[in-house]
Amino acid sequence: MQAVEANGARIPLIGLGTWELRGRACARIVEQALRLGYRHIDTAEMYDNEREVGEGLRASGIKRDDVFVVTKVWPSHFAPRELERAAKNSLVKLRLTDVDLLLLHWPNPEIPLAETIGALCRIKAAGLARNIGVSNFTVALIEEAIRVATEPLVCNQIEMHPFLDQSKVIAACRTHHMAIVAHTPLAGGRAKNDPVLIRIGKAHGRTAAQVCFRWLMQQGVAAIPRSSRIERLEENIAIFDFELAGDEMAEIAKLARTGGRLVDYAYSGAPNWD
Ligand SMILES: NC(=O)c1ccc[n+]([C@@H]2O[C@H](COP(=O)([O-])OP(=O)(O)OC[C@H]3O[C@@H](n4cnc5c(N)ncnc54)[C@H](OP(=O)(O)O)[C@@H]3O)[C@@H](O)[C@H]2O)c1
């Protein structure tokens, strides 16, 4: 699996999203995805499925060190002691001694960022996370986080798909050598019906979903699509043997529109995206 490298981390370009996958179905999908060649699994404290993600990982028979495991701490646990407790709880549920990447799930304006980032850096220094990073951070928050961090921040996981222009946040991440991981890369499934993506896909014998992932990958962006269907797990990883032309990349970028953002968490004082 090809990967994006950032501040010492090597993040496989396609991962499995697990939001809303629960119980035995979640464990089974994780196991199957790993058997099909996935090497990057995205979970979170908030998804309430870390136990099943760990089960799927062990059932797959794939060596622990060959899989890039990501989890996230929910903003209500960003006070330093709470953050440490949440990270340890996640490891207990996953039955792992560390994760490859621990993220702050959303900004929390109620707790000073310096305190949360300080605690996150200590968690890394203590060996509970091999890498640390953030998610849904704006340009201003990225700059602030970088200023106070004593360990490298390797990624910002953001909503990214053809219907949303994320160029400003991407530029800020690149300045600090942070990887971008695209959550909601299919716009929650909507991308499959887009006529432009379908037409470009047909020209390559591919689906609209595959065009989406390839468009991200050719910008050096990793993607973590979720699917509960095996045939789609296979489809979503089969993107390494075709290439979009420059004019196709540009045409897809033009699909961005006002109101294209789908995920906006209404935590009090949520970031002002504009
Ligand atoms: N950091 C954050 O705040 C944050 C926020 C949102 C999401 N995430 C992460 O990002 C992951 C992905 O986002 P998401 O799950 O919201 O949405 P998504 O991956 O954009 O879309 C998932 C939907 O697309 C369908 N789908 C998957 N593959 C397909 C294909 N090849 N063709 C057509 N439809 C397909 C799935 O249905 P089937 O199951 O029927 O295939 C599902 O309904 C999450 O699972 C989570 O891990 C993170």
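A polar contact is a pair of N or O atoms within 3.5 Å. With that in hand, here are some close-ups of this predicted model.

**View 1. Asn236 and the ligand make a polar contact.** Look for the side chain of Asn236: one of its N or O atoms is 2.8 Å from a nitrogen atom of the ligand. Taken alone, the ligand exposes 900 Å², and the protein buries 91% of that area.

**View 2. The ligand sits in the largest pocket.** Around the ligand you will find 29 residues, and the closest of them are Asp42, Asn136, Arg226, Ser227 and Ser228. Helix 9, which spans residues 230–237, gives the most to this shell, contributing three residues.

**View 3. Leu186 and Ala187 meet the ligand through backbone atoms.** For Leu186, a backbone N or O atom lies 2.9 Å from an oxygen atom of the ligand. For Ala187, a backbone N or O atom lies 3.5 Å from an oxygen atom of the ligand. While you are here, take a look at the backbone of Ala187: its phi is near 50°, a positive value in a residue other than glycine. Ala187 belongs to the loop between strand 9 (179–183) and helix 7 (195–204), and Ala187 is buried, with a relative accessible area of 1%.

**View 4. Asn7 has a positive phi without being a glycine.** Here phi is about 45°. Asn7 is placed in the loop between strand 1 (3–6) and strand 2 (9–12). Asn7 counts as partly exposed, because its relative accessibility is 33% and the partly exposed class runs between 20% and 50%.

**View 5. The side chain of Ser60 reaches the backbone nitrogen of Ile62.** The distance for this contact is 3.0 Å. Ser60 lies in helix 2, which covers residues 50–60. Ser60 is also buried, as its relative accessible area is 8%.

**View 6. Cys26 and Cys212 are both buried, and the whole structure has zero disulfides.** Cys26 is in no disulfide, and its nearest cysteine sulfur, that of Cys155, is 20 Å away. Why does the sulfur of Cys212 form no bond with that of Cys155? Cys155 holds the closest cysteine sulfur to that of Cys212, but the two are 19 Å apart, so they are too far for a bond; the cut-off for a disulfide is 2.5 Å. As for burial, Cys26 has a relative accessible area of 0%, and Cys212 is at 0% relative accessibility.

Technical notes. Residues numbered from 1 in each chain as written. Predicted model: local features only at pLDDT ≥ 70, side-chain atom pairs only at ≥ 80, totals over all residues. Heavy atoms only, no water. Buried < 20%, exposed > 50% of the residue type's maximum accessible area, 1.4 Å probe, protein only. Near = heavy atom within 4 Å. Polar contact = N/O pair within 3.5 Å; in protein donor to acceptor, adjacent residues only side chain to side chain. Areas by Shrake-Rupley, 256 points an atom, 1.4 Å probe, with all protein chains shown as cover. 1 Å grid on protein atoms, 1.4 Å probe; cavity = no way out; pocket = protein on both sides within 12 Å on 5 of 7 lines; lining within 4 Å. Sits in = over half its atoms within 2 Å of the grid points. Helix = DSSP H or I, 4+ residues; strand = E, 2+ residues; numbered from the N terminus.
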